Amino acid sequence: MVYLLYSIVGVICVYTARHYWFTLNRLFGFQRHPYIDIDTADWPPVTVLVAAHNEEKVIANILSALMTVNYPQEKMLVMPVNDRSTDNTREIIDEFVEAFPGRIRPFHRGSGKSGKAAALKDAMELVTTEVSLIFDADYIPGAGLIKQLVAPFFDPEIGGVMGRVVPLNCGSNLLTRLLDLERSGGYQVDQQARMNLRLVPQHGGTVAGVRLSALSEIGGWDDSTLTEDTDLTYRLLLHGWKTAYQNRSECYEEVPETWAVRIKQIMRWAKGHNQAMMTYSWRLLFGKHLATFRERIDGTLLLGVYVMAPITMLGWMLALILFYRGIEPLNGIVALLSITAYAAVGNFAAFFEIAAAVRLDGNRNRLAILPFLALGFMVSLFSVSRAAVSQVYDYFTKAEFHWDKTERFRTAP
Amino acid sequence: MNAYLAVAGLIVLAGVMLTVPLIPAFNEVHRKTDAQPLNVIQRHAGEIRHFAQSFFEVMKELKPLLDRCHRSGAVVRGVLSGGSEYLVIGNSKDIPDLVKQADAFTCSSVVAFAGDFVCPGSIKFHQEIYARRRFTGGKSNQYRAVLGDGDVSLGPASTILRWAHSDKVLTAAQHCNLYGRISAGELIRLEHGCSFLRVNAPRIEVGTPAINAGPQISNGSAIDRHSRRILHDGDFEVRAGEVVHSNIVTRGTLIVRAGARVAGNIKSNKGMLLEPGVIVEGSVISAEQMVIDQNCALHGPVIAERKMTIRTGTNCGDAIVPTTVSSPEIEVQEGVLIFGTLWARVSGRVVGRQ
């Protein structure tokens, strides 16, 4: 039991060191933005997919924004993927199709498997351009974003591209403010550091792009997964394709405004991520493929972030049990466990990553609410652990995953 | 002391000690002084001409005055609606007296030149300059920003601090220091010893361009070229004169020997050397240093993550399909021709032919 605890503390320390490494790299290291300067080029035709399932509150915003971007009009086709919507999403899309003839080609999906991955898989069959960009319907792209997301594909090693997500409704309440801080740490520091260090930037499935030939090579979208983005990241990696992260390609999104929605969201992410971990971790670490040594290590650690929640809880339980059994050398270990646990759980970055990210973003006063992240941490810890337990239960009972769409809070225009 | 009271006191004290550090947090949650979303709207999307266009809008209010001064040769001072002082000059002979302050020649107003203008040297312009017709700058002038409707020629050893734009031809004579954004509607010429950061024009001539027999290749975007790729886990070499119909990605160094042609995109994760006469129809990307030898012809974007050297006779992009050449450090020999954008994040320099 003692050795198990030692192992847990060891793993947590590895994650903590990783967070420190990322933060220091971001503050003092060489910053890689190799494609951001490509402003003049023979831009290729591109298809912009907008995943939409009951998105009447937000779909008009993104379509309006896409109609005003500075990408050559004749080379950009917008394809709203209306996935079995039962609200007015279809009518709103059709109004835009009429208003902007030839620029929007809707894909109304009336049946089929549920979930974004399944909808994108069907939509991709209609895509003929080498580059496709993917947005969720609640995102609002800026004028230069499309060019910025296409630019990395001039690099023949790049199979996927990921931009930065910035919460638009961050001022709504404490939860949105905490999520804003988490996103800031996760993108401004975590993702960019992985880009700088040539590790494994993660494809986020939105504000993102994919190369058609790479996607074909890896077998297309996998609609059996809950997080198609994580799945895509690893399949690209195993086939020698890189995912580029573009920190300056920012796009607004809407974050959950209620804890119930947030818990549902993070549980889905945890399940999907753990699913990818089960599928790819062994193969990534020990298999014969085209990923580099550092990608193998970082990719495996990235796959393990959500499973660290139940592992940390197990560590706490073990520490308590051993403490009450009077095992002496544990005091230091318990202290180490409590300090480092904060740095290791879930997909959100540790507090120092977040503090560094807020500083890099040029903000100041919002740092004051950092202590409240402990609240978000505890909620995530239990939610992610619960997700892991239910996933094990589902595995033995052969229950199928089901996809829950994240609720929107914006008022329809 | 009553034991219950002591416990209660301890609890209160502990509560206070826990709460006091959180006061700033509660205060920020309540007052929301920093709860705005990060400002990421890319209204101008890094448009190189953004400042020039904004300044042009400001100058529109001086148009009638410029017409008058052009006819009369008069000098008029005034204040723009935004509050900046201006000086409209109709005759170039006037300027030395206008800008002489103590022992130095400096000008703190926005200056608008009504006609063709030959500016004397060693003057510091602390505000923007607008030239409606041809503008010829003297030696060792320092400009904050220059906007020209006609040709703009900067004298030797001149400095641009913010930006410069000519609707036609912008020429920087030897040893100019061009900080910020430099753009032109037709052509930019950079002479020997010029330093630069961001330069954009349909045609950028570095020194006198050599005649490059390289073909114009304009049949589709580099991204659409060849989904097939050679992925090599180590150093890789394309033999002299070889023609490769594929993308090439190497984890090590990539050397393309003289006269080879790659009908695709190339990428190396370490250094890259393109020997003389190489033609690449797609993009050329190196994660470290890149040396492009003489007389190469490159179609797609050219990116080096550390340093780039481009030698005489090389063409990047073409008149039909302009492109981007970018690296933190760029050294360009005279005789190079670039169509589109030349962007050195840290430092760019024009050096002599070898």
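**A walk through a predicted two-chain model**

Let me start with one residue: Lys32(B), which is found in the loop between α2 and α3 (50-59) of chain B. Its backbone deserves a second look, since Lys32(B) is not a glycine and yet has a positive phi of about 50°. As background, most residues other than glycine have a negative phi. Is Lys32(B) buried, exposed or something in between? Lys32(B) counts as partly exposed, because 15 C-beta neighbours lie inside 10 Å, and a residue is called buried only from 20 upwards and exposed at 12 or fewer.

Before going on, I should say plainly that what you see is a predicted model. The model scores ipTM 0.87 and pTM 0.89, and chain B has an average pLDDT of 88, with 90% of the residues scoring at least 70. For the remainder, a general caution applies: where pLDDT is low, the predicted coordinates should not be read in detail.

Let me stay with chain B for a moment. Chain B holds five helices and 32 strands, and 44% of its 354 residues count as buried. If we take the contacts in chain B with a separation of 6 or more, residues 24 or more positions apart account for 22% of them.

Now to the place where the chains meet. The contact between chain A and chain B takes 43 residues from chain A and 45 residues from chain B. Which elements of chain B give two or more residues to the side that touches chain A? They are the helix α2 (23-31) and the strands β16 (229-232), β19 (247-250), β31 (323-333) and β32 (336-351), and the largest share, five residues, comes from α2(B). By class, this side of chain B divides into 20 nonpolar, 17 polar and eight charged residues.

One residue on the chain B side lets us look at this in detail, and that is Thr341(B), which lies in strand β32 of chain B. Thr341(B) touches Asp39(A) and Thr40(A) from the other chain, along with Asn200(B), Thr324(B) and Val325(B), leaving aside residues up to four places away in sequence. Thr341(B) is buried, because 25 other C-beta atoms lie within 10 Å of its own, where 20 would be enough. From Thr341(B) to Phe51(B), 290 residues apart along the chain, the C-alpha atoms are separated by 17 Å.

Let me turn to chain A, which is divided into domain 1 (2-28 + 297-397) and domain 2 (46-259). Taken over C-alpha atoms, 29 Å separate the centres of these two domains, and the contact between them takes 23 residues from domain 1 and 22 residues from domain 2. On the domain 1 side, the elements giving two or more residues are α1 (2-28), α10 (293-303), α13 (351-360) and α14 (373-397) of chain A, and the largest share, six residues, comes from α13(A). That side has 13 nonpolar, five polar and five charged residues.

What about the interior? The largest nonpolar core has 114 residues, and those with the most contacts inside it are Val48(A), Val50(A), Ile62(A), Leu120(A) and Ile146(A). Domain 1 and domain 2 of chain A both give residues to this core, so it lies between them. To take one of its residues, Ile146(A) touches Val46(A), Val48(A), Val69(A), Tyr71(A), Met76(A), Leu133(A) and Pro141(A), again not counting residues up to four places away in sequence. Apart from this core lies another, of 85 residues, among them Phe125(B), Val146(B), Val249(B) and Ala297(B).

Two last stops in chain A. How far apart are the end C-alpha atoms of helix α11 (residues 308-324) of chain A? They are 24 Å apart, which agrees with the 24 Å that its 17 residues should span at 1.5 Å a residue. The buried residues in α11(A) are Met308(A), Ala309(A), Pro310(A), Thr312(A), Gly315(A), Leu318(A) and Ala319(A), and just after the helix Gly326(A) takes a positive phi of about 80°.

Finally, there is a residue to set beside the lysine we began with. Arg84(A) is found in the loop between β2 (76-83) and α3 (89-99) of chain A, and its phi, near 55°, is a positive value in a residue other than glycine. Arg84(A) counts as partly exposed, because it has 15 C-beta neighbours inside 10 Å.

Key
Residues numbered from 1 in each chain as written. Chains lettered and ligands numbered in written order. Predicted model: local features only at pLDDT ≥ 70, side-chain atom pairs only at ≥ 80, totals over all residues. Contact = placed C-beta atoms within 7 Å. Helix = DSSP H or I, 4+ residues; strand = E, 2+ residues; numbered from the N terminus. Nonpolar A, V, L, I, M, F, W, Y, C, P; charged D, E, K, R; others polar. Domains from an automatic or database assignment. Expected span 1.5 Å × (residues − 1). Core = buried A, V, L, I, M, F, W, Y, C linked by C-beta atoms within 7 Å. pLDDT = per-residue confidence, 0-100.
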